[in-house]
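Open the model in a viewer with the cartoon representation switched on. The stops below go from the whole chain to the sheet, its helices, the ligand and a few single residues.

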Amino acid sequence: MDAIPTMNISRGVITVLTPDHAELIYQYYLSNQDHFAPWEPKRDKDFYSLAGWRERITNSFNLFQQEMMLPLVVLDQQEHEMIASCNFSNIVLGAFQACHLGYSVDLRYQGTGLMLETLQHAIHYVFEHLDMHRIMANYLPHNVRSEALLKKLGFQQEGYAKSYLKINGQWQDHILTALVNPNH
Ligand SMILES: CC(C)(COP(=O)(O)OP(=O)(O)OC[C@H]1O[C@@H](n2cnc3c(N)ncnc32)[C@H](O)[C@@H]1OP(=O)(O)O)[C@@H](O)C(=O)NCCC(=O)NCCS
């Protein structure tokens, strides 16, 4: 994955999160703190610091260069703001050819179809260019927006994991879903 993929969509551009985006992602998480809190791990103070973001992005960019992660972000048309995120992590090759997907959209763009459009493009890229066979995405049973989004994308339930992730300070059950590459 040495080339940086970029994809134009109706309201912006999807690109790889690089160390140049530290300020934008810092602002994105800062301004969406309350919006994301029920759906994400509890964050410590360092999470909301620019220095913390510089370090995390450097790590994720290294993983991208080692072909172990595809950290994508959506920037608005002027590329002044980050408006969504979708991250393909835990990329495993060999007989598995699978990865996990995580995503979020800025509160101002929630309910507008931006996340759906982003994931349609990103998943196409992951299936066609990274040769992934399976993408796994898991959600809290009461995350109805996430459930609706995954259904629209064709993800199917594969399981139910008790006490699966520590979200917002509590170990919580998750619904496990996956999308299998229709072309191989
Ligand atoms: C989960 C999350 C990404 C879903 O985002 P979303 O905006 O609801 O998803 P979509 O992009 O599919 O948008 C769907 C909505 O856009 C509307 N919409 C408007 N224009 C549309 C268009 N052109 N195309 C598709 N949908 C459109 C749909 O009618 C739907 O509206 P509704 O929710 O009122 O029924 C978002 O709620 C989020 O970021 N939550 C916090 C973080 C989170 O939970 N992450 C996932 C953890 S598993």
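A residue is called buried here if 20 or more other C-beta atoms lie within 10 Å of its own, and exposed if there are 12 or fewer. By that cut-off, 26% of the 184 residues of the protein chain count as buried. The coordinates are those of a predicted model.

**Whole chain**

Select the protein chain and colour by secondary structure. Five helices and eight strands appear, and from the N terminus on their order is β-β-α-α-α-β-β-β-α-β-α-β-β. The radius of gyration is 16 Å, close to the 16 Å that the globule rule gives for 184 residues, so the chain is as compact as a globular protein of that length. Turn the C-alpha trace along its principal axes and the spans are about 40 × 40 × 30 Å. Among contacts between residues at least 6 apart in sequence, 61% join residues at least 24 apart.

**The sheet**

Now show the strands alone. In what order do the eight strands of the open sheet lie? Reading across, the order is S1-S2-S3-S4-S5-S6-S8-S7, and the pairing is mixed. The edges are strand S1 (6-9) and strand S7 (156-167), each of which pairs on one side only. From one strand to the next, the twist averages 25 degrees.

Strands of a sheet pair through backbone hydrogen bonds, either parallel or antiparallel. Three of the pairings here can be checked in turn:

- Select S3 and S4: six bridges join these strands, which run antiparallel. Leu75 has Met82 in S4 as its bridge partner. The two strands form a hairpin with five residues between them, and Glu79 in the turn has a positive phi of about 60 degrees.
- Move on to S4 and S5, an antiparallel pair with seven bridges. Ser85 is bridged to Ser104 in S5. This hairpin also has five residues between its strands, and Gly94 takes a positive phi near 65 degrees.
- Finish with strand S6 (residues 134-139) and strand S8 (residues 170-180), antiparallel and joined by six bridges. Look for Tyr139, which stands opposite Ile175 in S8.

**Helices on the sheet**

Add H4 to the view. Which strands does H4 touch as it packs on the sheet? The contacts are with S1, strand S2 (12-16), strand S3 (70-76), strand S4 (82-92), S5, S6 and S8. The direction of H4 makes about 30 degrees with that of S4. Then add H5, which lies across S6 and S8 and runs at about 160 degrees to S6.

**The ligand**

Select the ligand and expand to its surroundings. The shell has 18 residues, of which Trp39, Gly113, Met115, Leu116 and Arg145 are the closest. Helix H2 (33-36), strand S5 (98-105), helix H4 (114-129) and helix H5 (144-153) each give two or more residues to this shell. Colour the shell by residue class: nine residues are nonpolar, eight are polar and one is charged.

**Leu24**

Go next to Leu24, in helix H1 (residues 22-31). Leu24 has 18 other C-beta atoms within 10 Å, so it is partly exposed. Setting aside neighbours within four places in sequence, its contacts are Glu81 and Met82. That Met82 is the bridge partner of Leu75. Draw a distance from Leu24 to His80 as well: the C-alpha atoms are 7.7 Å apart, although the residues are 56 apart in sequence.

**Two positive phi angles**

Most residues other than glycine have a negative phi. Two residues to select against that background are Asn90 and Ser163.

Asn90 is in strand S4 and has a positive phi of about 50 degrees although it is not a glycine. How many C-beta neighbours does Asn90 have inside 10 Å? There are 13, so Asn90 counts as partly exposed.

Ser163 is in strand S7, an edge strand of the sheet. Its phi is positive too, at about 45 degrees, and Ser163 is not a glycine either. Is Ser163 buried or exposed? With 10 other C-beta atoms within 10 Å, Ser163 is exposed.

Conventions. Residues are numbered from 1 along each chain as its sequence is written. This is a predicted model: local features need pLDDT of at least 70, side-chain atom pairs count only at pLDDT 80 or more; totals for chains, interfaces and linings use all residues. A residue is near a molecule or strand if its C-beta atom, placed from the backbone, lies within 6 Å of it. Helices (H or I, at least four residues) and strands (E, at least two) are DSSP runs, numbered from the N terminus. Ala, Val, Leu, Ile, Met, Phe, Trp, Tyr, Cys and Pro count as nonpolar, Asp, Glu, Lys and Arg as charged, and the others, Gly among them, as polar. The radius of gyration is taken over C-alpha atoms; the globule rule is 2.2 Å times the number of residues to the power 0.38. Two residues are in contact if their C-beta atoms, placed from the backbone, lie within 7 Å. Two strands pair if DSSP finds at least two bridges between them. Axes are lines fitted to C-alpha atoms, for helices over the stretch in contact, and angles run from 0 to 180 degrees between N-to-C directions.
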